[in-house]
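Dear colleague,

I am passing on the structure we spoke of, with the sequence and coordinates placed just below. My notes on it come after.

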Amino acid sequence: VRRHATEEGDAVSLFELSLVGGPWARRLARRRAGWDALPWGEGAPEADAAEMTAARVAWTRSAFSEYASAACFAEIAACLLAAGAPLDFVAAAGDFVVDEVLHAELSARVATAFGGAVALEVDLGRLVRPPVSAAPLLRAAELVVRTSCVGEALTVPILKATKAAARSPLVKAVVTRIVRDEVGHAQLGPWFLDWATPLLTDADRAHLGRVAGAAVRAFAPIFSAPCAGGGALGVLECARYDATFAAALDRNVVRPLAARGIAVPEADVAAATPG
Ligand SMILES: [Fe+2]
Ligand SMILES: [Fe+2]
């Protein structure tokens, strides 16, 4: 891994994934079951060069965003432990770290099937923006709202639309595997908030609403960035992305949070709503 410091002093490196194998690979055998049977040779039926390039970029970025999700759930698990949260919440967050690193591996393999990952400079020291609150419970709540109630809640419908639009059998199969896990990741948020409700003040809830709003704003451009392709290889078209995003924002994010006393600021919703 090549590292160099940018002018801002951040440690940037080229994004690379590795495995050691042996007993550590065998630990994951059950989680990787069926991977060999995925249609690896059926990545790009009738794809042209531009589509292949867009797919390599999108799936490389996707591998990194899955890697960053793993870091978010690792931080959530640590905050839940510090907050003395129920053990099954902690275990779920820890388990989701494994899901996400496997998603990163799957995405990287898809990029390889399309001709290889592209060079991506990343700062592994800044995968998770630290929560601003001091209390462990509220720190956990900030991260859960950002990652599960916003990120995962929007990811699930976007992935389903990606799968529906994809012509590539490989993309359909891989996205099917990934979305199966993301559904569980999206469920952690509401469960956690229902448990935490009696422990949160009105000021806490107002703060969490602002956290959700900032996450919504941040999420919109991230996902709409790789939308240049025709959808065949897992790169969603802009128009389809925008429509899916707008519907999911209200149904999967704003309403479930409102039901738990957390209001996403209207300005943030408007800023993230296309058109
Ligand atoms: Fe994931
Ligand atoms: Fe996830």
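What follows goes from the overall fold to the metal site.

Please keep in mind throughout that this is a predicted model. The protein contains eight helices and three strands, and these are arranged along the sequence as β-β-α-α-α-β-α-α-α-α-α. Its radius of gyration is 19 Å, which agrees with the value near 19 Å for a compact globule of 275 residues, and the C-alpha trace spans about 55 × 50 × 45 Å along its principal axes. Buried residues account for 46% of the 275 residues, while 80% of the contacts with a separation of 6 or more are between residues 24 or more positions apart. The accessible surface amounts to about 13200 Å², with 58% of it belonging to carbon and sulfur atoms.

Turning to the metal site, the iron ion (ligand 1) has as its protein donors Glu66 (OE), Glu100 (OE), His103 (ND1) and Glu182 (OE), at 1.9 to 2.2 Å, and along the chain these donors follow the spacing E-x33-E-x2-H-x78-E. The angles among the four donor atoms run from 87 to 142°, and the site is irregular, because a tetrahedral site would need all angles between 85 and 135 degrees.

Glu100 also bridges the iron ion (ligand 1) and the iron ion (ligand 2), which are 3.3 Å apart. Glu100 in helix α3 (residues 87–113) and Glu182 in helix α5 (residues 169–196) link distant parts of the chain, being 82 residues apart. Glu100 counts as buried because its relative accessibility is 0%, and Glu182 is likewise buried, with a relative accessible area of 2%.

With best wishes

Methods. Residues numbered from 1 in each chain as written. Chains lettered and ligands numbered in written order. Predicted model: local features only at pLDDT ≥ 70, side-chain atom pairs only at ≥ 80, totals over all residues. Heavy atoms only, no water. Donors = N, O, S within 2.8 Å, 3.2 Å for Na, K, Ca; no water. Tetrahedral: all angles 85-135°; square planar, octahedral: opposite > 155°, others 65-115°. Helix = DSSP H or I, 4+ residues; strand = E, 2+ residues; numbered from the N terminus. Buried < 20%, exposed > 50% of the residue type's maximum accessible area, 1.4 Å probe, protein only. Rg over C-alpha atoms; globule rule 2.2 N^0.38 Å. Contact = heavy atoms within 4.5 Å. Areas by Shrake-Rupley, 256 points an atom, 1.4 Å probe, with all protein chains shown as cover.
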